[in-house]
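Visitor: I am new to this structure and should be grateful for a close look at one part of it. Could you please guide me through its empty spaces and what lines them?

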Amino acid sequence: MAQYLDPGRVIMGTFGQIFIEGIWQSNLNHLEANVEADKRELNLVGTEYTVFKLGRKKGTGTMSGYKVTSEMISRGFQKFNIIHKLEDPEAYGFERIQLNGCMVDKIQLANWTAGEEVVEETAFTFESYELLDPIVAS
């Protein structure tokens with residue numbers, strides 16, 4: 001008989017955390033980070049398929065949440081590190097990934113509307129990552 005996924009093991013973002021230079025950013029509630037590979041097409045003899053060679057990689061991301069301080073404005077375009085922790089009490093464990101050499105793409109100086117919470121969205125690039133703690137099914 002097939003064993004189905006235990007729905008309790010599905011990870012919710014509710015308990016996610018973002019640390020910038022070791023300081024928990026409790027005001028942030030969204031993080032996305034991706035690595036894109038530049039694949040080079042190679043046309044080789046003896047095969048009717050195009051094959052690919054891995055080229056350079058590019059790390060990009062976005063973080064957003066409520067504006068509480070002017071920290072991102074003060075930081076300017078200086079590089080920093082992010083550690084994100086994704087955890088759920090019912091999951092097999094937690095995951096931590098460190099994004100190294102982060103640099104913002106632009107600095108949001110103002111974006112507000114009367115009567116609404118001020119939300120800050122920051123796009124960034126990063127130079128490498130490390131999987132510090134993987135989630136492993138037991």
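Guide: The following account takes the enclosed space, then the open pockets, and ends with a patch on the surface. The model is predicted. Rolling a probe the size of a water molecule over the atoms shows where empty space is left.

A search of the whole structure finds 1 cavity of 30 Å³ or more. The volume of the largest cavity is about 50 Å³. Its lining consists of Met 72, Ile 73, Val 104, Lys 106, Ile 107, Gln 108, Glu 120, Glu 121 and Thr 122. Sorted by class, these are 4 nonpolar, 2 polar and 3 charged residues. At least two lining residues come from each of α1 (71-75) and β7 (119-126), and β7 gives the most, with 3 residues.

Among the open spaces, the largest pocket holds about 400 Å³. Of the 23 residues that line the largest pocket, Gln 17, Ile 18, Leu 31, Glu 32 and His 84 lie nearest its centre. Two or more lining residues are given by each of the strands β1 (17-20), β3 (28-42), β5 (80-87) and β6 (94-104). Strand β3 has the largest share of this lining, 8 residues. In terms of class, the lining of the largest pocket has 11 nonpolar, 10 polar and 2 charged residues.

The second largest pocket contains about 190 Å³ of space. Around it stand Trp 24, Gln 25, Ser 26, Asn 27, Leu 28, Met 63, Val 68, Thr 69, Glu 71, Met 72, Glu 120 and Thr 122. The elements that give two or more residues to this lining are α1 and β7, and these two elements also each supply at least two residues to the lining of the largest cavity. Met 72, Glu 120 and Thr 122 appear in the lining of the cavity and again in that of the second largest pocket. By class, the second largest pocket is lined by 5 nonpolar, 5 polar and 2 charged residues.

Val 68, one of the residues lining the second largest pocket, also leads to the surface patch. Together with Tyr 66 and Val 119, Val 68 forms a nonpolar patch on the surface, and the three have about 280 Å² of accessible area together. Val 119 lies in strand β7, the strand that gives the most to the lining of the largest cavity. Val 119 counts as partly exposed because its relative accessibility is 40%, which falls between the limits of 20% for buried and 50% for exposed.

Note on methods. Residues numbered from 1 in each chain as written. Predicted model: local features only at pLDDT ≥ 70, side-chain atom pairs only at ≥ 80, totals over all residues. Heavy atoms only, no water. 1 Å grid on protein atoms, 1.4 Å probe; cavity = no way out; pocket = protein on both sides within 12 Å on 5 of 7 lines; lining within 4 Å. Points joined across faces, edges and corners; volume = space filled by probe spheres on them. Helix = DSSP H or I, 4+ residues; strand = E, 2+ residues; numbered from the N terminus. Nonpolar A, V, L, I, M, F, W, Y, C, P; charged D, E, K, R; others polar. Patch = residues over 30% accessible without salt bridge, like charges linked within 9 Å, V, L, I, M, F, W, Y side chains within 5 Å. Areas by Shrake-Rupley, 256 points an atom, 1.4 Å probe, with all protein chains shown as cover. Salt bridge = Lys/Arg side-chain N within 4 Å of Asp/Glu carboxyl O. Buried < 20%, exposed > 50% of the residue type's maximum accessible area, 1.4 Å probe, protein only.
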